[in-house]
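Hi,

Here is the structure I promised to pass on. Have a look at it first, and then read my notes below.

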Amino acid sequence: MSQTRHASYLSHLTAVLLISPLFSSGLAMANELMSKAQYADYSVRYQCAQLKHNDDFAKKEEAILAIEDDFGLTEDNFEAFDELVQNYEQDNALLDDIRARVTKECT
């Protein structure tokens with residue numbers, strides 16, 4: 001029974017070691033895509049565009065596409081950007097800064 005537990009532990013450890021680099025490389029790729037400061041700038045511009053063009057879908061879409069282009073966001077890096085958003089949205093100080101900037105810059 002002890003050998004079974006040992007084998008199970010080793011297979012679990014092996015799985016963790018194989019998966020960990022994939023996860024960390026994804027986060028590294030996401031962080032290379034956009035720094036926190038760039039993400040804050042992107043978020044502020046995105047939210048301002050949504051507020052400014054709330055009643056005109058075509059203009060809002062045009063503004064958002066221009067912002068995405070400015071920040072190099074494409075279908076090819078969407079998954080990395082999604083990981084980045086999930087990571088950065090856990091940073092309450094960053095989110096507070098974005099909200100304050102939106103209030104100041106978008107009115």
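The accessible surface of the chain adds up to about 7,900 Å², and carbon and sulfur atoms hold 55% of that. Keep in mind that this is a predicted model. Of the 107 residues in the chain, 25% are buried.

As for the fold, you'll find 5 helices and 0 strands, so to speak an α-α-α-α-α pattern when you read along the sequence. Now for contacts: if you take those with a separation of 6 or more, 76% are between residues 24 or more positions apart.

Next, the pockets. The largest pocket has a volume of about 170 Å³. Three elements, α2 (36-52), α3 (57-70) and α4 (78-88), each give two or more residues to its lining. Which element gives the largest share of that lining? That would be α2, with 5 residues. If you want to find the pocket on your screen, pick out Tyr39, Tyr42, Ser43, Tyr46, Gln47, Ile64, Glu68, Phe81, Val85, Glu89 and Leu95, which line it. Sorted by class, the lining has 7 nonpolar, 2 polar and 2 charged residues.

Since α2 has come up already, here is a bit more on that helix. Its 17 residues reach 24 Å from the first C-alpha to the last, close to the 24 Å expected at 1.5 Å a residue. Several residues of α2 are buried: Tyr39, Ala40, Tyr42, Ser43, Val44, Cys48 and Ala49. Among these, Tyr39, Tyr42 and Ser43 are also part of the lining of the largest pocket. And what covers the buried residues of α2? The cover includes α3, α4 and α5 (92-105).

That brings me to one residue in α5 that I'd like you to click on, Leu94. Is Leu94 buried or exposed? With a relative accessible area of 9%, Leu94 counts as buried, because that value is under the 20% cut-off. Leaving aside residues up to four places away in sequence, Leu94 touches Lys36, Tyr39, Ala40 and Tyr88. Tyr39 is a nice one to look at here: Leu94 and Tyr39 are 55 residues apart in sequence, yet their C-alpha atoms are 9.2 Å apart in space. Two of the residues that Leu94 touches, Tyr39 and Ala40, are themselves on the list of buried residues in α2.

That's what I have for now.

Cheers

Technical notes. Residues are numbered from 1 along each chain as its sequence is written. This is a predicted model: local features need pLDDT of at least 70, side-chain atom pairs count only at pLDDT 80 or more; totals for chains, interfaces and linings use all residues. Side-chain values use heavy atoms; hydrogens and water are left out. Helices (H or I, at least four residues) and strands (E, at least two) are DSSP runs, numbered from the N terminus. Buried means under 20% relative accessible area, exposed over 50%, partly exposed in between (1.4 Å probe, protein chains only). Contact means heavy atoms within 4.5 Å. Accessible areas come from the Shrake-Rupley method with a 1.4 Å probe; for residues, only the protein chains shown count as cover. On a 1 Å grid over the protein atoms alone, a cavity is a set of points where a 1.4 Å probe fits but cannot get out, and a pocket is an open set with protein on both sides within 12 Å along at least five of seven lines; lining residues have an atom within 4 Å of a point. Grid points are joined across faces, edges and corners, and a volume is the space filled by probe spheres set on the points. Ala, Val, Leu, Ile, Met, Phe, Trp, Tyr, Cys and Pro count as nonpolar, Asp, Glu, Lys and Arg as charged, and the others, Gly among them, as polar. The expected span of a helix is 1.5 Å times one less than its number of residues.
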